[in-house]
Amino acid sequence: MKILLTGANGQLGSELQATCPTAITLIPTDYHTLDITQPQPIAAALAQHQPDVIINAAAYTAVDKAESDVERAYAINHLAAETLAHESAQRGIYLLQVSTDFVFDGLQSTPYLPEANAKPLGVYGASKLAGEQAVQALCPSAAIVRTSWLYSAYGNNFVKTMLRLMAERDSLGVVADQIGTPTWTGTLASALWSFVAQQPQGIFHCADNGVASWYDFAAAIQEEALALGLLSKAIPIKPLRSDEYPTPARRPAFSVMDRRATEQQLGYTLPHWRVSLRQMLTELKQQSVTA
């Protein structure tokens with residue numbers, strides 16, 4: 001099986017490359033090698049490689065910057081997905097489109113089902129939702145996989161930022177009134193490889209189990225990092241309200257997603273986020289030892 005991967009150098013793309021099954025020929029692409037914002041390069045790449053599957057892991061994920069960089073956010077998150085969906089349908093390619101919990105407004109107090117009404121609060125979520133809708137309209141056989149609060153040993157993310165700040169500062173303030181689920185790219189990558197084999201269609205929610213605020217997440221990062229020797233001292237972490245830490249983009253106050261249909265499709269229970277966090281930090285420690 002041949003798979004064309006977009007966003008290969010991002011967090012998820014790097015994890016997919018590291019965990020790719022041996023029976024699969026992976027064709028990794030990023031914005032240097034394939035401009036997905038233009039239809040012609042996509043058509044040319046598909047004609048050249050003739051993949052069986054496309055995993056669209058490319059995304060404009062700078063949530064705050066998207067508020068002022070609207071055209072670029074929509075070009076990557078909406079128009080590229082639209083072109084990939086059109087080409088996949090024309091060529092009989094199975095498409096896996098990765099999306100986000102930011103398609104929801106956060107006004108619910110119970111986990112969002114895949115069929116829940118999507119009402120994004122900002123440009124990032126709106127552009128990702130537009131991409132979802134294009135995929136559904138043009139390529140009904142595709143799977144859209146929403147995830148949340150993604151982090152990994154690769155690239156820049158909340159976990160790595162927290163580790164750096166905890167090493168540099170005497171105290172830290174972290175938002176405590178936004179609730180969601182931290183998700184390790186290892187969890188998401190494993191699920192995507194299962195989806196490649198099963199080729200289901202529709203919308204799926206894939207995140208680690210459990211819930212947390214960003215404050216809870218930061219406290220857990222410190223606790224696990226101290227236990228592994230990645231940090232040498234504990235610092236006080238102060239819970240903040242969102243209005244004490246204003247950002248250009250509004251975030252959903254509650255974006256926990258219901259994963260039961262995904263677990264049923266996969267045939268296993270997704271891990272708890274604390275278990276995944278420990279695995280990722282262990283991986284980071286191993287990298288620092290071998291570096």
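A residue is called buried here when its relative accessible area is under 20%. By that cut-off, 53% of the 291 residues of the protein are buried. The model is a predicted one.

The protein holds nine helices and 12 strands. Its radius of gyration is 19 Å, close to the 19 Å given by the globule rule for 291 residues, so the protein is as compact as a globular protein of that length. The C-alpha trace spans about 55 × 45 × 35 Å along the principal axes. Among contacts with a separation of 6 or more, 81% join residues 24 or more positions apart. The exposed surface of the protein comes to about 12900 Å². Carbon and sulfur atoms supply 51% of that surface. The side chains include 20 positive and 26 negative ones. The centres of these two sets lie 3 Å apart.

Several strands pair in the parallel sense. Strand β1, residues 2–6, pairs with β3 over four bridges, and the two are parallel. Leucine 4 stands opposite isoleucine 54 of β3 in this pairing. Strand β3 is also joined to β4 by four bridges, again in parallel. Here isoleucine 55 has leucine 96 of β4 as its bridge partner. Strand β4, residues 94–100, runs parallel to β5 as well, and five bridges link the two. Glutamine 97 faces isoleucine 144 of β5 across that pairing.

The side chains of β3 and β5 are covered on both sides. In β3, Val53 and Ile55 point one way, while Ile54 and Asn56 point the other way. All of these β3 residues are buried. Strand β5 covers residues 143–147, and five of its five residues are buried. Ala143, Val145 and Thr147 lie on one side of β5. Ile144 and Arg146 lie on the other. Both faces of β5 are thus covered.

Glutamate 132 makes contact with two of these β5 residues, Ile144 and Arg146. Glutamate 132 belongs to helix α4, residues 123–138. Its relative accessible area is 1%, so glutamate 132 is buried. Beyond its neighbours within four places in sequence, glutamate 132 also contacts Ser99, Val103 and Ile203.

Two residues stand out for their backbone angles. Most residues other than glycine have a negative phi. Tryptophan 149 has a positive phi, near 45°, and is not a glycine. Tryptophan 149 sits in the loop between β5 and β6, the latter being residues 150–151. At 9% relative accessibility, tryptophan 149 is buried. Glutamine 199 also has a positive phi, of about 55°, although it is not a glycine. Its place is the loop between α6, residues 185–198, and β10, residues 202–205. With 35% relative accessibility, glutamine 199 counts as partly exposed.

Other positions bring together parts of the chain that are apart in sequence. Aspartate 64 lies in the loop between β3, residues 53–56, and α3, residues 70–91. The relative accessible area of aspartate 64 is 23%, so this residue is partly exposed. Aspartate 64 and alanine 249 are separated by 185 residues in sequence, yet their C-alpha atoms are 5.0 Å apart. Setting aside neighbours within four places in sequence, aspartate 64 contacts Thr247, Pro248, Ala249 and Arg251.

Lysine 285 gives a further case. Lysine 285 is part of helix α9, residues 273–290. Its relative accessibility is 34%, so lysine 285 counts as partly exposed. Lysine 285 and glycine 229 are 56 residues apart in sequence and 8.3 Å apart in space, from C-alpha to C-alpha. Apart from neighbours within four places in sequence, lysine 285 is in contact with Leu228 and Leu230.

Definitions and conventions. Residues are numbered from 1 along each chain as its sequence is written. This is a predicted model: local features need pLDDT of at least 70, side-chain atom pairs count only at pLDDT 80 or more; totals for chains, interfaces and linings use all residues. Side-chain values use heavy atoms; hydrogens and water are left out. The radius of gyration is taken over C-alpha atoms; the globule rule is 2.2 Å times the number of residues to the power 0.38. Buried means under 20% relative accessible area, exposed over 50%, partly exposed in between (1.4 Å probe, protein chains only). Contact means heavy atoms within 4.5 Å. Accessible areas come from the Shrake-Rupley method with a 1.4 Å probe; for residues, only the protein chains shown count as cover. Lys and Arg count as positive and Asp and Glu as negative; His and the chain ends are not counted. The place of a charge is taken as NZ of Lys, CZ of Arg, CG of Asp or CD of Glu. Two strands pair if DSSP finds at least two bridges between them.
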